[in-house]
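Hi everyone, thanks for making room for me this morning. I'd like to walk you through one model, so please have a look at the sequence and the coordinates before I start talking.

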Amino acid sequence: MKVIVLGAGIIGTASAWFLQKAGHEVTVIERQPGAALETSFANGCQISVSHAEPWANPSAPLKLLKWLGREDAPLLFRWRADWLQWRWGMCFLRECLPSRAAHNIRQIVAIAEYSRQTLQAVRAETGIDYDCETRGILHFYTDEEEFRASLPAAQLMRDLGCPRQSINADEVIRIEPALSAIRHKIVGGDFTETDESGDIYKFTTGLAEQCAQAGVGFRFDTTVTRLLTQGGGSSARIAGVEVIDEHGRHQTLQADAYVLAMGSFSQPIAKRIGVDLMVYPGKGYSATYQVRNSDLAPHVSLTDDGHKLVISRLGDRLRVAGTAEVNGYTRDLNEVRCDAITRRTRELFPDACDYEQPVYWTGLRPMTPSNVPYIGKTKFGNLFLNTGHGTLGWTMGCGSGRAIADIVSGRRPDLDFAFTGIPQYEARVPLVSVPARS
Ligand SMILES: Cc1cc2nc3c(=O)[nH]c(=O)nc-3n(C[C@H](O)[C@H](O)[C@H](O)COP(=O)(O)OP(=O)(O)OC[C@H]3O[C@@H](n4cnc5c(N)ncnc54)[C@H](O)[C@@H]3O)c2cc1C
């Protein structure tokens with residue numbers, strides 16, 4: 001089959017990889033001059049199966065109230081005259097219900113674990129060098145109450161099969177000695193040795209190169225403007241995709257099947273043909289520092305609970321990322337947030353990096369209210385979804401690509417997940433109760 005993949009972030013590129021492996025003739029359409037130049041460019045870099053708890057959980061509404069009006073709040077809603085944003089906000093509140101959150105965690109763990117295994121297999125097969133560290137993820141706490149509240153969440157993860165161990169402050173320092181400067185503030189942590197980190201940009205561009213070598217066509221500098229439809233009811237199909245090509249010319253491209261993987265921008269394009277995706281951008285920040293003293297910079301990927309930051313070592317660079325603003329499609333850098341990241345990183349690792357020349361960046365997480373992505377089918381027989389991966393698109397990326405390639409090929413993916421538009425999966429997911437966090 002001829003398949004067109006829309007978008008060359010981690011999700012579109014992983015989809016293209018597995019689609020070509022399944023024997024399809026694949027073309028990827030991307031508005032940027034290369035792969036991974038939007039949200040998959042400079043994120044937190046964690047492959048974090050063990051921290052699958054979505055933002056929408058039973059403790060979120062109270063926290064959001066506490067953070068109201070705080071410019072440096074980890075999660076900030078800036079309400080706009082935007083009906084989608086308000087609807088998204090209402091759905092987010094619904095996903096905070098304990099039963100919904102429990103269902104969502106189970107979904108996310110399932111696809112994330114499948115994806116980590118898939119990433120490991122792709123890494124072994126392709127040999128892509130992406131500053132991968134397989135030393136686990138260490139989450140440390142500086143607030144006694146938050147640490148206590150994390151214990152049931154860690155237990156839940158263990159129940160779901162993730163080896164997330166709660167540990168004391170001495171063990172935190174033993175695992176990552178670079179945290180010694182703030183030893184006196186650390187009250188505990190949890191550690192998952194099976195988690196990983198690595199540069200999403202290097203991986204995605206490396207995979208795109210290998211896709212191209214395997215025969216995948218990439219149309220860069222080409223913007224998708226519209227999906228064209230034909231037929232109605234059960235015979236409704238996509239007839240083509242309208243693009244503006246690299247020379248500014250309008251063209252219609254055609255294939256047998258189409259995979260929508262345009263991150264936050266999947267929503268408006270799908271809406272025009274009556275596919276209502278609840279995907280909204282959640283702007284996040286990152287800072288990248290040059291490491292000056294290797295021994296003083298962490299190697300283990302970290303999560304700083306108090307400041308809601310993730311920290312990953314990428315060779316001779318340190319990447320620190322976090323925070324979210326639900327504020328439309330703007331990517332503006334807010335100086336207050338940038339300064340807060342550098343202040344905190346300098347406090348944690350005072351002499352490790354060059355803090356005078358940080359490289360700041362923002363990206364738009366394609367957020368569903370539940371953080372469970374849309375992977376599956378639509379009412380158009382040949383339009384498939386792979387979008388809405390929110391805070392964990394790198395973690396879920398390779399597995400999502402592999403799963404959608406199976407679905408497009410008419411096969412059943414080998415995991416228990418509520419794939420969109422495939423009812424038998426939705427019915428198979430049991431509910432568990434999720435503990436409330438403070
Ligand atoms: C600050 C931050 C930290 C994060 N940290 C982590 C982490 O540690 N671990 C983790 O697992 N995840 C993390 N994430 C989430 C992860 O980065 C995203 O979920 C993931 O990158 C989304 O990938 P994507 O391919 O769906 O979207 P994108 O990478 O945005 O790809 C979509 C592509 O579609 C293209 N496109 C859009 N519209 C059009 C159009 N009209 N025509 C043609 N092309 C179009 C875009 O140019 C883009 O290349 C983080 C995100 C942020 C912002």
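Let's begin at T303. Leaving aside residues up to four places away in sequence, T303 touches Q46, I137, L138, H139, F140, L309 and V310. Please keep in mind that this is a predicted model. T303 is part of strand β15, and with a relative accessibility of 10% it counts as buried. One of those contacts deserves a second look: I137 is 166 residues away from T303 along the chain, yet their C-alpha atoms are separated by 7.4 Å.

Staying with β15 for a moment, the loop between β15 (301–304) and β16 (309–314) holds K308. K308 has a phi near 50°, a positive value in a residue other than glycine. For those of you who check backbone angles, most residues other than glycine have a negative phi. Is K308 buried or partly exposed? It counts as partly exposed, because its relative accessibility is 30%.

There is another case of this kind. D221 is not a glycine either, and its phi is positive, about 55°. D221 sits in the loop between β9 (217–219) and β10 (223–230). Its relative accessible area is 37%, so D221 is partly exposed.

Next, the aromatics. How many aromatic pairs does a search of the whole structure find? The search finds 17. Take F77 and F92: the ring centres are 5.9 Å apart and the planes meet at 65°, so this pair is edge-to-face. It links distant parts of the chain, with F77 in strand β4 (residues 75–77) and F92 in helix α3 (residues 83–95), 15 residues apart. Both F77 and F92 are buried.

F218 and F220 give us a stacked pair, at 5.4 Å centre to centre with 20° between the planes. F218 is buried, with a relative accessible area of 18%, while F220 is partly exposed at 24%. The cut-off matters here, because buried means under 20%.

Back to F77 and F92, since they belong to something with more members: F77, W79, W86, W88, F92, F265, Y280 and Y329 form one aromatic cluster. A charged side chain joins the picture at F265, where R31 lies over the face of the ring, 4.2 Å from its centre.

Now for some helix packing. The axes of helix α1 (residues 10–21) and helix α7 (residues 200–213) come within 9 Å and cross at roughly 30°. That crossing is left-handed. On the α1 side, the contact is made by I10, T13, A14, A16 and W17. On the α7 side, the residues are I200, F203, T204, L207, A208, Q210 and C211.

C211 brings me to my last topic. How many disulfides does a search of the whole structure find? The result is zero. Why does C211 not bond to C398, which has the closest cysteine sulfur? The two sulfurs are 10 Å apart, and that is too far for a bond. As a reminder, the cut-off for a disulfide is 2.5 Å between the sulfur atoms. C211 counts as buried, with 0% relative accessibility, and C398 counts as buried too, at 2%.

That's my tour. Thanks for listening, and I'm happy to go back to any part of it.

Definitions and conventions. Residues are numbered from 1 along each chain as its sequence is written. This is a predicted model: local features need pLDDT of at least 70, side-chain atom pairs count only at pLDDT 80 or more; totals for chains, interfaces and linings use all residues. Side-chain values use heavy atoms; hydrogens and water are left out. Buried means under 20% relative accessible area, exposed over 50%, partly exposed in between (1.4 Å probe, protein chains only). Rings of Phe, Tyr and Trp (its six-membered ring) pair if their centres lie within 6.5 Å; planes under 30 degrees apart count as stacked, over 60 as edge-to-face and the rest as tilted. Helices (H or I, at least four residues) and strands (E, at least two) are DSSP runs, numbered from the N terminus. A charge sits over a ring if NZ of Lys or CZ of Arg is within 6 Å of the ring centre and within 35 degrees of the ring normal. Axes are lines fitted to C-alpha atoms, for helices over the stretch in contact, and angles run from 0 to 180 degrees between N-to-C directions. A crossing is left-handed if the near helix is turned anticlockwise from the far one by less than a right angle, and right-handed if clockwise. Contact means heavy atoms within 4.5 Å.
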